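Thanks for coming. I'll go through the fold as a whole, then the cavities inside. Please have the sequence and the model in view.

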Amino acid sequence: MFNLFHLSLKLSGFPIVKAQADFEKILQISEADYPNYLETKKREIVEFHLKNNAFYQNLVGKNSFKNWDDLPVLSKKDLQKPLKDRLSKCYSEKTVFVNKTSGSSGDPFVFAKDKEAHAITWASIIHRFGWYGVDFNSSYQARFYGIPLDFIGYRKERLKDFLSKRYRFPIFDLSDTILDDILEHFKTKKFDYINGYTSSIVLFGKYLQARNIILTDVCPTLKVCMVTSEMLFEEDKILLEKHLGIPVVNEYGASELDLIAFQNPNDEWQVNSETLFVEILDENNQPVPYGKEGKVVITSLYNKAHPFIRYEIGDAGILDEKSTLKKPILKKLIGRTSDVALLPSGKKSPGLTFYYVTKSIIEDDGNVKEFIVRQTKLDSFEIDYVSSVELTSEQIQEIEKAIAKYLEPGLHFTYNRKEVLKRTKRGKLKQFQSLL
């Protein structure tokens, strides 16, 4: 087999063969020896950046440290300054992998990884996808992702798709006519797996449901579907597994880091403890016990070009009580900490609570394809939805009754039926948005 994907990484200067060998050694470390491995890597990466990175030295305020918990928590706003001012000695923008975050948190920034760190990120991804029989050199991917619309950006992504054995469906327009065309591709191409944004794949699943189609009936080569970047609700997972005809795997990652957690074959959301150190902290930046909710803070153990040390990614989550340092399990991802609704009573509620409560009613009859909730004032919300028919007054009453029960009464809602919903430049659907 001609390993085109591995070759493309090597030609770009990423030492993937060494990275995979190094990653394999990490996997072999025993449960008993893992705490020592983690402590060593944590100390090594901090000491490297304190010695070689002026940006991080200034942030810490000294060039040595004693206690991990005394290190500052890095925010996205800390990183919104020129990349050249954040790079370590011996690295330049020409010698590192450079990319930018999607900005779905509202704080986009440019970041860098040294080539060894980027290679070990790929080793981590290859390993986890391998749990489901996916080989990046030979498996053919149906990709539901955004794509740059400028000529050079578009062609660059299409070339990367070719080298990575994937066919991309641009997701900015997912009307029935476009979904008809996507279905035709599944009839004629031997896809092995699906990968992409949750909301787009769920929309395709609802399209299949409305036509009573099981996708594996028209594309029997399909084995698995990986969803990423947006929340996957249990009822959507059930719908997808039924109408795609394959297991649906939940992925949680960040472009500036790696895969953070990936659903393993035992249906556990297994945290990446090989290349990352994931902490759950309270509002005072103190670790919380397993089973308790807090903000997700992550350290990249291998990135020497740019510090991601105790980096607050902007999400809230809970690690399972059965977690260990070698095998942490993400019990629940609650959503972005920035997506919080402030209510007239003074109560703060995760914005996804509105989305979730509304979803349980609004999609019952199958007419509503997708929707978003937007807070415009302390007591006022707008719901934009795509539907074959207008919401009935009974549905609206049920929504408002449920929200009064689960959150608080006296909130005002406006309902806007749309042809399509606005997505980010990357094609993500922001399910709850606060304009306060």
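Take the contacts in the protein chain between residues at least 6 apart in sequence: 66% of them join residues at least 24 apart. Keep in mind that this is a predicted model.

Next, the secondary structure. The protein chain has twelve helices and 19 strands. Its radius of gyration is 22 Å, close to the 22 Å that the globule rule gives for 436 residues, so the chain is as compact as a globular protein of that length. Along the principal axes, the C-alpha trace spans about 65 × 60 × 45 Å.

On burial, 53% of the 436 residues count as buried, the cut-off being under 20% relative accessible area. The accessible surface of the chain comes to about 20,300 Å². Carbon and sulfur atoms hold 52% of that surface.

Now the interior. How many cavities of 30 Å³ or more does the structure hold? There are two.

I'll start with the largest cavity, which has a volume of about 100 Å³. It is lined by 15 residues, and the closest to its centre are S199, V202, D236, Y355 and Q431. If you want to find this cavity on the screen, those five residues are the ones to select. Three elements give two or more residues each to the lining: α8, residues 198-210; α11, residues 351-362; and β16, residues 368-377. Which of the elements has the largest share of this lining? That is α8, with five residues. By class, the lining of the largest cavity has six nonpolar and six charged residues, along with three polar ones.

Then the second largest cavity. About 60 Å³ of space lies in it. Here I can give the full lining: K113, A117, I120, T121, L257, D258, T275, L276, S300, Y302 and N303. The largest share, three residues, comes from helix α5, which covers residues 115-130. By class, this second lining has five nonpolar, four polar and two charged residues.

To put the two next to each other: the lining of the largest cavity has six charged residues, and that of the second largest has two. For nonpolar residues, the counts are six in the largest cavity and five in the second largest. A helix gives the largest share in the second case, namely α5 with three residues, while in the largest cavity that share belongs to α8 with five.

That's what I have. I'll take questions now.

How values were computed
Residues numbered from 1 in each chain as written. Predicted model: local features only at pLDDT ≥ 70, side-chain atom pairs only at ≥ 80, totals over all residues. Heavy atoms only, no water. 1 Å grid on protein atoms, 1.4 Å probe; cavity = no way out; pocket = protein on both sides within 12 Å on 5 of 7 lines; lining within 4 Å. Points joined across faces, edges and corners; volume = space filled by probe spheres on them. Helix = DSSP H or I, 4+ residues; strand = E, 2+ residues; numbered from the N terminus. Nonpolar A, V, L, I, M, F, W, Y, C, P; charged D, E, K, R; others polar. Rg over C-alpha atoms; globule rule 2.2 N^0.38 Å. Buried < 20%, exposed > 50% of the residue type's maximum accessible area, 1.4 Å probe, protein only. Contact = heavy atoms within 4.5 Å. Areas by Shrake-Rupley, 256 points an atom, 1.4 Å probe, with all protein chains shown as cover.
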